[in-house]
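Please look at the sequence and the structure shown below before reading on. The report then takes up a few features in turn.

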Amino acid sequence: MKKKSLRVRLKHWLRGDRRRVLLSALSVAGGVIFLRLSGLLLAGELAVYDQMFRLRDWERNPRIVNESDQNFDDRFLIVEINEEDIQQAGKWPIPDRAIAQLLEKLNASQPRAIGLDIYRDLPVAPGHEDFVRVSSQIPNLIGIEKLASNDSPAVPPPPQLTQKNQIGFNNVVSDADGKVRRFLLYSHQNGELHTSFALKLALIYLESQNITPQPAQVNPDYLQLGKGVFRSLKTNDGAYIATDNKGYQVLANYFHPKKFQKVSMGDVLADRVSADLVRDRIILIGWTASSVKDFFSIPYSTGFSEDPQLFSGVELHANFIGQILSTAISGRPLMRVLPESVEWLWIIAWSGVGAMGIAYSPNTLRGSVVVSVAMVILTASAYLAFLVGWWLPLVPPWLGLIASAVVVTSHLAHQQEELKRSQEFLQSVIDKIPDPIFVKDRDYRWIILNQAFCDFSGYLLSELLGKTDRNIFPANEAYVFWSQDRFVFETNTACENEEKFTDAQGMTHLIATKRSLHQDAAGNVFLVGVIRDITERKHLEEQLRQLAADLSRHNAELKRSAQQLHQDAYYDSLTGLGNRRFFNESLAKSLEWAQKNKRLVGLLFLDLNKFKPVNDTFGHDVGDLLLKEVAVRLSNNLRSSDVVCRLGGDEFTVILPGIKEKQDAEKVAEKITGAVSEGFVIGERKISMTASVGISLYPDDGENIEALVKQADLRMYEFKQLNCDRA
């Protein structure tokens, strides 16, 4: 009862304006979701997403944007190779000897790991032997390779590092606008698993804290490192729509790039870098020289200035490593997203807020204030969620909030204009249609009736206005009317229904009532019903149905009679076998087929020996039962294509179409006589019986029915006489 009352209250709450507001919000939300799924909102969502990164780090430490020497991450040191270093080397690419010297000096200060973000797949003289020797001796050195992609070929790693599995790929995943918002942990190529440069270095750092890769408990397909679970990117995560998520990609939760301290290659080679800056840190060596063009755009890069603030590849990989380490050690999350269905509900909810904010505000100004406050709350909610690592959609709910507010505002303005049209429509319906017309309010009371309705019902207008069906009609009819009215009110769907209608004189009519809703500009909803008297039509339909039923029954009887006549004409009433007529027609067809196909047909004539004494001794009832048993045994011992018939008395025939030779017919005859001679049990009596069989063969013994029958009959009597002489 409680559930039912709750449902009733909910339906009542959703009537009228509330339903329109809800439908408006859902329609707008559906349109926004469609735009989102089509990718038209992607650019805007990514721009807002990037702005949140910039706003977050400005809020946490405004000085970091302008003071590069503050808040460095003491787990890293970037050794940059800038333009001055290239000039000092005096050669491009920088020789292997210089790289070897750099590695030796860094390794002497005992770093946790060294990442060489420089391609060294080919020797660069002089000093290649030195580079091979030094790189082979450093166990925590990781080199790079580039995996082949659609737009660039592969670059192999240094061979000496490949042998020791001290390599990682440095491929970067860019969005359509060129920005890097996600990064790879693993990639499969040609059936081989490759580990990224960032993850390789992070795993070396984490080994000292006994943190190793594990399947995540929440999902074995996800990677878990320490306190962090690295959820792989799905194609529709966040603002992305059908994005390429090949490999094991994760959404980046960037640190500000200026958190990573940098020293130059020249400073290291000149011993101007303290060993404390190197000891127990991850050292990343890479290009920052503008001539190398190893730069990328990330969320911190602005897109509206001449200087978009690009960041070098070595800074990018330092950021990736820092995110992995912070996630594994302290549980700092990478960016997370809501399930797609929850994001849709998020958009629908804010579209509803915009629609209701306008619909239930006393005036337009108040509604605008409500919508503005809602936008501030929405933005703040998305930003606060971003601060704890959640990427919530902001542009779609913004759009849904504003659009639904505009739609409802337009609807309210349009209501007043529709008032006059609605009144004119109702008046024209009542005055011009000759059929009985009624108009009801939401309480199911008649509020408008035409004279045709009063004439049809037999009641005066004053007796009906303000009343309900229950006040006038029998209970069963009133319930039907009420059910149909309620359906139209609740579904806003026009319908037509056939009903019984008892007038004031007690005469019951069959009617077809078409019901539909009309709403005036003030928001009042009326049900308009048009009645047609279909009593005469229904009587005619009933007469036609009865006539059709009689004809169908008569046809069935004729069919049964025809079937019985056919049965009587072609089948023996006692045994159910074909009779003489059936035999003649079947034999004629068999001979025609045999003549056309050059095949043989066998004919057996069978007569029961000493059947008459059985009839005389035990009576005709026993004789008839014996004949039935004989018919069953004959049928059971023949092929499905063979035809067995009873010509009368104890005479039977068997047609054997398509036999190969006369011996086949003789075998069938022996089988039949054997079956008959096994004896019969009729009631409590055991009766012994034998049979005489005569055989004729088409075309050897004749080519027509008469000749074959005559020959088979003659041989049957010869067989019978022979058996009598032996007896």
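What follows describes pockets, a sheet and a pair of helices in this model, which is a predicted one.

## The largest pocket

The largest pocket holds about 1,000 Å³ of space, and its lining is made up of 36 residues. Among these 36, the residues that lie nearest the centre of the pocket are Lys146, Leu147, Ser149, Asn171 and Val172. Two or more lining residues come from strand S5 (182-189) and likewise from helix H10 (313-330), and it is S5 that gives the most, with five residues.

When the lining of the largest pocket is divided by the character of its residues, 14 are nonpolar, 13 are polar and nine are charged.

## The second largest pocket

The second largest pocket contains about 300 Å³ of space and is lined by 20 residues. Nearest the centre of this second pocket lie Val229, Arg231, Leu334, Met335 and Arg336. At least two lining residues are supplied by each of strand S9 (228-230), strand S10 (248-251) and strand S15 (336-337), while S9, with three residues, gives the most.

The lining of the second largest pocket consists of 12 nonpolar residues, together with four polar and four charged ones.

## A sheet of three strands

Strand S5, which contributes to the lining of the largest pocket, and strand S10, which contributes to that of the second largest pocket, also belong to an open sheet of three strands, whose order is S6-S5-S10 and whose pairing is antiparallel. Strand S6 (192-195) and S10 are the edge strands, each of them pairing on one side only. If direction is ignored, neighbouring strands of this sheet are turned against each other by 15 degrees on average.

Between S5 and S6 the antiparallel pairing extends over four bridges. Within the sheet, His188 stands opposite Leu193, which is in S6.

## Two helices side by side

Two packed helices are described by the distance between their axes and by the angle between those axes. In this model, helix H11 (residues 340-359) and helix H12 (residues 364-387) have axes that come within 8 Å of each other and cross at roughly 160 degrees.

How do H11 and H12 run relative to each other, and what is the reason for saying so? Angles over 145 degrees count as roughly antiparallel, and because the axes cross at roughly 160 degrees, H11 and H12 are therefore roughly antiparallel to each other. The handedness of the crossing can be stated as well, since H11 and H12 cross in a right-handed way.

Key:
Residues numbered from 1 in each chain as written. Predicted model: local features only at pLDDT ≥ 70, side-chain atom pairs only at ≥ 80, totals over all residues. Heavy atoms only, no water. 1 Å grid on protein atoms, 1.4 Å probe; cavity = no way out; pocket = protein on both sides within 12 Å on 5 of 7 lines; lining within 4 Å. Points joined across faces, edges and corners; volume = space filled by probe spheres on them. Nonpolar A, V, L, I, M, F, W, Y, C, P; charged D, E, K, R; others polar. Pairing = 2+ DSSP bridges. Axes fitted to C-alpha atoms, helices over the stretch in contact; angles between N-to-C directions. Parallel < 35°, antiparallel > 145°, perpendicular 65-115°, else oblique. Left-handed = near helix turned anticlockwise from the far one by under 90°.
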